[in-house]
Structures are given as structure tokens and as C-alpha cells.
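Work through the exercises below with the coordinates open, trying each task before reading its solution.

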Amino acid sequence: MQVFSKKRLIGVVLTTAMALAVGCTKKKSNDNAGYDPKETLRLNLTTEPPSLDWSKSTDTTSAFIQYNFMEGLTEYNLDDPELSLRSALAMEWTANKDASEWTFKLREGVKWTDGKPFTAQHVVDGWKRLLEPATASEYAYFLYSVDNAKAFNEGKIKDFSQVGVKAIDDQTLKVTLNQPKSYFPYLLTHHSTYPIRLDVVATHGDTWTEPGKIVTLGAYKLKEWEHDNHIVLERNDDYYGEKAKTKYVYGYMIIENSTALNLYEKGKIDVLYTLPSREIGRLKAREDYSTMPSLGIYYYGFNTEKPPFNDPMVRKAVSMAIDRDQITTLLNGGEVPLTSWVPKGMFGYEQARGTGFDPSKAQKLLDEAGFKDRKKFPKITIGFNTNEDHQRIAENVQAQLKKTLGIQVELANEEWKTYLKSVQTNPANIFRLGWMADFPDPDNFMNLMMTESENNHTRWGNKEYDRLILEATKTTDKKKRAEMYSQAQSILVEKDVPVAPIYSMVSHYLINDRVKQFPLNSMGKKLLKDVVVE
Amino acid sequence: MKEKLSYLLGPALLICLLFTVGLSFFNYVIPTALWFADLFLAGAVFVYYTVSQNNVVYVAKRLAEAAVVIFVIASATFLLLRVLPGGPFDQEKALPAEVKANIDKKYHLDKPLAYQYYRYISGVAVGDLGESYKYIGRNISDIVSETLPTSIQLGVFSLILAFLIGIPAGVISASKHNTLFDSVTMAFAISGVALPSFLVAPVLILIFAFWLGWLEPALWEGPTYYILPVVVLGTRPAAVIARLTRASVLEVIRSDYIRTARAKGLSERVILFKHVLKNSLIPVLTYSGPLAAGVITGTFIIEQIFAVPGMGKHLVNSVTNRDYPLILGTTLVFSMALVLANLVVDLLYSYFDPRIKLS
């Protein structure tokens, strides 16, 4: 028997369809969800921000949002290529003679987005939260130079009042360091050192960073955050300074660079700052393309414990045998060949530092090191993490070393985390790594190669080098500092050569011509307040 | 009465599901009543079918087995992850020991493995999958519930497309065995199986989004956005289904009872779609279980190329990040989908071929 005859079935379907069509609402068409493109800057954040909690996040996507809805005591002067500091939440700051005690005068009349006034106590609260062991912040070490901060972070001191930061009154902050640090104010541009509203965090717990709950004080505020989909910032009309010029910032979360490029070409995205590396050669010729040196280096490290690279002469020979120009030509993305340790665009950069490319001298050095008969030279390995560009570079170096020095090189790639483990425990003879600056000061790079540094995987150490670096951090006289770094670099990349810098990084942008004043700078700090869209 | 019920439930469920999918495709908000109707009818069909076929014991047994399987998968994944070199907080900028100690303490990574395992399993037992290491402060269940629906949507559209194309193509090819139609269809099917989606996708994007401008190159915001990823994801299953159907139809079409049907004077159409098809679908059904589980839990490459905000990227990237809780969470979701899909397939076997007895 048949309950639904054909006619009845069609009848039922049609009636239901009509009822549904009348009764159902269409989802808002999500093309920038009703944000007028004339008032909206649309860009690709590249991923979901792992956390908007500025005491906890460690990645650049989260930082990008945080830098636009929050502010620190100091900020880079983006108009200055060397990125000097300008006032932000702090109006001015002074240090005692040896740069170990700092006093910050804070701005008056700054309001959080819930209307409460900003005070020095909020800065103390932010630092306390950053350093509390229970917060488990990865960036806690950023403030280790503050007196007792490390002990507090380790749980050895329970009383935060013993830590060297005090709110003298609502507008004055006093910081005592455990050692002189001439660049200390630079650390305060970093999101981990931002003030925070502990009352807001306490009310909402882990979800305090969701729209409607979060309280900030920057030029923008968080309007929408649809996880794994998009984020929207809206102009903060209560911002203390000049208001943001564009009302909304719409951030997509598109991981695949070529997909984002397609959407850019379709006019759905206004600005791209991650481009598919294979396409850069083609895009370079376009008018909407811009490039900017960034404070990052790509380098090869030597495992100085394993022969043959326990001999500085061999290391020097290899570094000298690598023609960096060939590599940057191969990459074709505007990277700058680098033989010094401090990258281009940073104070302390010296183009001529380092071994340079000198094939005949390299051969001679290798002969002198006891490898006149190249057959005696052991087979060496270059290690890198699996990635197309790293592969191309390693293959190029392999060919160069074979041609120039007549030595055999094997390549070994590993998945990223596995590779990191190898680098920490048993690095290959030559291993690839990179380094990006957290703040525009050479200490960022120089500190990395100190004997005790967790990030020095070469197993090399030099007392004189360590002394120079420590001395330089205490020195406020810029000229004297430059001299010390110059000496230290000479030890690092000319005498002992535990590392061979390859190139200094650049960043690439595609900017639609309706967007004006998009900030390009060597730290890649994208403060969007002054961006205009037409 | 019992007969009447069986004739009512099936079509009603189909109609409801059809509407749900249709509304979802055209970007309408699906009324809660419809969701309830879907759930209720699916439950009713399942229970009715289980009871009327005397399969209650079988289903109960299978569900108990499923629980064991899930437990074993959860345990094995947990242990295998700890063997993988590299930890969740290893990064280019190594962390100072003090900072690392605080993090380990927060996530109980400083405790013995047995304790961590106990904590994890007892969490899973009550549905608490823990907190992501990478997406600080976000619960795994939140991440799954925010991304899985999109993956299901994409997966279901693609499955429907695959069946709608694959089955008729297979049946017609078989009935027109060794004709031009047959050769052309099978040539398409073979290329559909052979061509990788990361090649097909950019070509289709170029043609339909850039040259013709009919569709959108990426994102997941409405019908014009859905078509390309659905087609790319559906192509391979459609091709496989077409080939399976064709082979199986060719076998059935030569059997005695079909000859009898022909002798009775039934029209070729009735023979094909009523007698042949139903009996030919067993291999397709077998393939559909793992297929369904695979596509509805998210496919990394398609989601990546078309920027679809689904769960596929978490399935893969969580491993790269060594985000243990997220890896375990997504693996569990996938295994549950797989186990469930296979159970449904097994139940459907005896519907399509009553000779198959479940025990």
C-alpha cells in the first residue's frame, strides 16, 4: 500500500517549500557582512589569532590585532627608518645615570573602552599577570631584567611588592632593573608589557578576550570575532589621540597564500603581506607591489663540537665559499645577501663585516686545515626543516661547496618540530635557522650567540664575546655601543665563525591603490590608525 | 499499521533532509523545528528498522564494540603522540627553563605519563576534551563545534553530488555497455580518480572565477562560493562510484532473475532502476561508509585551497603544532564518524539485499 501517492507527495513537498520560503530568513550575506567597503580596510590575517590575551600570546597574528586595539607605554616612531621611540601611554621617561632605574610619566585622560580611567596601577597589574607562574606566559622572560621579576616568575618570591615596579601615583611608574639596560623602554612597545584590567579578566576568566567582554584602550576596539572565520575591529571614538581614519578593519583568516592572492585579485582584500614565494618574481613588476627590509636573518650554523667543524679554519673556509648573491638571485624576492650578523636596517649593521665570498682563499684555508687531499674530508650534512625554499637554498649551497671546495654534502630535511628537537639535541654539521627581532636593537641578535643562550645551538662560546655584549647593554652612549658590537661581530663572523649568515629578510606587500598610508617598516608593525581607504 | 508506518517514516525523513540541505545550500537559517524533525525522524527510522528487522541485539553489540574501539584509538593516539619528537612548546626561540617549567605545570606536562593518561581518559569519558595548547584558553569542544558544521556542510553537498552523478552514470554506462557513451563516461571517471584535487581546483578557479566570473574563487559564504569546492571534493567519489556501479550492474544484469524479469515483459527502465540497481549497490555502499566519514570531518586540501573554515585544517595543523589535546579531539571526532558510518552501512546492507543476515 502506498500512503504517499505521487500527487500527494508533490503536494506535500510544494506546500512545505512555500511555508519554509515564507517563514525562513536568509542568513546575512556575509560579503564583509554589511561593512561598507568605503569605510573598511580588508586584509588577510593569515590564521585564526591563537589568543588575543596579550599576556599570553606569542604569535604575530595575535600581536597584529593587539597592537591595534591596545597600546604600550612607548611606541615606535614609524616615520623614522631606525624606529626611534615616541611617547604612547607614557608621556616621557627618564633613567638614572647607569640606566638601571627608570621613571615613566603617564598620560592623563586616557580611558578604557568601558569608560574607566587608565592609571599606573594597570601597568603594574599587567606585569604582575605576565610574571605570575600560574599565567604560564611564554613571554614572561621579557621582563626578567626588572628587579626580582625572575624570582617571582619562578615562584621563589610570592610577594609582588618585592618586584621592581611601583605605581608612585596614578600617573607615575617607577621601575628598578637588576642590571643597567640602555634599551629598556624599547621592551615596552611589546604587547606582553601592556597594562591590563585584572577586574575584567577575573570576571570573565579565559573568555575575557571575546567581543563584548574585552576592555582595551587603543585606536580600535574589537567588534566581532567569528573563530576560524574573520575578525572585525571598529574605530574607538574615545581614543585619547587622533582617531583612526578608517572606521572598520575586516580581517580574513586565509592560510593559503595563493588563495588570498586570488581574493586580492578579485578585489575582496585590500592588503596582502604574505605572498606565495614562487609568485614574487612575477608580482615584483607590478605597481601595487611594495617591499621593505625586515629585521630578520637567515643563517647557517655549524655544529662546532663535531669534526670537521670543530676547527674554526674549516668553518671559515665554508663560509667563504658560499656566494650569497647566488642564493638571493635564486630566491628572487629582494632578499639582501648578508655576511654580518646584524641585519640591514638596524643600528649596528656593517655591510663589510664577515668573511665575504673568496673562493681561492677558502680553498687555501681548507688546505691549511689539513684537508689538502679532499678525499680525507668527511662527508658533511646540511640539516633543514621541510620547506621548498629551504630545500632550494640547501641544494644551491651543496652545489657551491662541491664546486668551490670539492667537498661532498648531504641534505637532510625533517618536519619542523622534529627538526627543532634535532637542533637542540644533536644538530647536523651545518643547520639552517632564522631569527626575527622582537625590538629594533642589535642586542636581539648579539645576545643570541652568547655562551649561555638557549638559542645558540652551535655549542660555541667565547668569553671575550660575552663580555662585549654584556658591556654593550649597559652602555647608553650610542657610538661606544656601536664600537663594541663591531668588535663582537668581528669575533663572531670573521674570527671564530660558528655561524654563516646568508641573507637579511625582506617583507613583501600588495596594496590596492585605494589604500593610502599603509605603514611599512622594518619591524612589520602594522599600526592601522592612519590608514585611509578611498 | 506497521506497514503504513514504514511507508510514512522513510519518505518523511527524506523530505526533511532534502529541505535541510536545500535551505543550507541557499544560505537560509534552518528552523529549529526542522532540525528536530530531522533528528526525530532519523531516530525513528533507525529504531523502527532495528526493531522490525530483529537487529536490536546486533546494534547493541556493535555500539558496545564501538565504545571499545574509540577507547583503544584514544589510548593509542595519546601514547603515539608522546613518542613523536618535538613538543608543543618547542619553537625557534627557545624558552628559558623557568618559563618552560611554568607552562609544563599549567598543562600537567610535568606529571608522570600515567597520570596524564588517566586525566585525559577520565576527561573523555565525561565529554571534556580539554583545552588547546595553541589556541590558548579555547576548549577543544568549542573548536570542534565551531568548525565541524562547515565541514559537514561541504561534505554532505559533495556526497550528494557524487551519488547524483556517479550512480546514474554507472547504470547508464553498464546498460549501454561498450558504446561511445560508456567509453566517454569511463574515461571521465578514470581521470576523475587520477587527477589530484590540488591540480583540478586551480584550473576550475581560473576558468569559473576569473575567465567566466560566474563563481567565487574562495571563502564559504553562499551558493556561488559553495559550488567549486563541492565539485572538486565530489569529483573523485563520483568517479569511483560510477566505476563501482558500472561493474556491479554489469554483473547483476546477467543474472537469472533479470532474465526472468525481461521474460515477464517488464520495460528496460523498470528492470534497470527497480531490479538491477537495488541489488548492485552493495559495493557502493561498502565504499560509502569510510567516504562519508572522511569528507564530513573535513578535507585539508580542499578547505585550504578554498579557505573553507572547516575542521580539516585542525586535523592536520594540530599535528604540526603538537597541540596534543586538539590532535586527540579531532582524531576522536573522526573515529566516531567512521565507526558510526560503518554501522549505518552494515544496517543498510540487509535493506538492499535481504539475503544478508546481520549477526
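**Exercise 1. Find the salt bridge between Glu265(A) and Arg286(A), and state where each partner sits and how accessible each one is.**

Solution. Start from the criterion, under which a salt bridge is a side-chain nitrogen of Lys or Arg within 4 Å of a carboxyl oxygen of Asp or Glu. The side chains of Glu265(A) and Arg286(A) satisfy this with an N to O distance of 3.0 Å. Next, place the partners: the pair links distant parts of the chain, with Glu265(A) in helix α7 (residues 257-265) of chain A and Arg286(A) in the loop between α8 (280-283) and β12, 21 residues apart. Helices (H or I, at least four residues) and strands (E, at least two) are DSSP runs, numbered from the N terminus. For accessibility, buried means under 20% relative accessible area, exposed means over 50%, and partly exposed lies in between (1.4 Å probe, protein chains only). Glu265(A) is partly exposed because its relative accessible area is 35%, and Arg286(A), at 25%, counts as partly exposed too.

This is a predicted model, in which local features need pLDDT of at least 70 and side-chain atom pairs count only at pLDDT 80 or more, while totals for chains, interfaces and linings use all residues. Residues are numbered from 1 along each chain as its sequence is written, chains are lettered from A and ligands numbered from 1 in the order in which they are written, and side-chain values use heavy atoms, with hydrogens and water left out.

**Exercise 2. Describe the salt bridges Asp367(A)–Lys372(A) and Asp496(A)–Lys495(A), and then identify which residues form a salt-bridge network.**

Solution. In the pair of Asp367(A) and Lys372(A), the N to O distance is 3.8 Å; Asp367(A) is partly exposed at 24%, whereas Lys372(A) is exposed at 66%. Asp496(A) and Lys495(A) meet at 3.6 Å, N to O, and here Asp496(A) is buried, with a relative accessible area of 13%, while Lys495(A) counts as exposed at 52%. Salt bridges that share partners also join Glu48(A), Asp228(A), Arg138(B), Glu146(B) and Lys313(B) into one network. Over all chains, the structure holds 43 salt bridges.

**Exercise 3. Where does Asp323(A) lie, and what surrounds this residue?**

Solution. Asp323(A) belongs to the loop between α9 (312-321) and α10 (324-331) of chain A. With Lys and Arg counted as positive and Asp and Glu as negative, leaving out His and the chain ends, the nearest side chain of opposite charge is that of Arg324(A), 7.4 Å away, and the buried Asp323(A) has no salt bridge. If contact is taken as heavy atoms within 4.5 Å, Asp323(A) touches Phe357(A) and Gln400(A), once its neighbours within four places in sequence are left aside.

**Exercise 4. Locate the largest cavity and characterise its lining, then examine the backbone of Ala307(B).**

Solution. A cavity is a set of points, on a 1 Å grid over the protein atoms alone, where a 1.4 Å probe fits but cannot get out, and lining residues have an atom within 4 Å of a point. Grid points are joined across faces, edges and corners, and a volume is the space filled by probe spheres set on the points. The largest cavity has a volume of about 170 Å³. Of the 15 residues that line the largest cavity, the closest to its centre are Asp228(A), Met253(A), Ala307(B), Val308(B) and Pro309(B). Turning to Ala307(B), its phi is near 50°, a positive value in a residue other than glycine. Ala307(B) sits in the loop between α13 (300-305) and α14 (312-320) of chain B and is buried, with a relative accessible area of 15%.

**Exercise 5. Find the unusual backbone features at Thr46(A) and Pro308(A).**

Solution. Thr46(A) has a positive phi of about 80° although it is not a glycine; Thr46(A) lies in the loop between β1 (40-44) and α2 (60-69) of chain A and counts as buried at 13% relative accessibility. The peptide bond from Pro307(A) to Pro308(A) is cis, with omega near 5°, and Pro308(A) is placed in the loop between β12 (289-302) and α9 of chain A.

Terms used: On a 1 Å grid over the protein atoms alone, a cavity is a set of points where a 1.4 Å probe fits but cannot get out, and a pocket is an open set with protein on both sides within 12 Å along at least five of seven lines; lining residues have an atom within 4 Å of a point.
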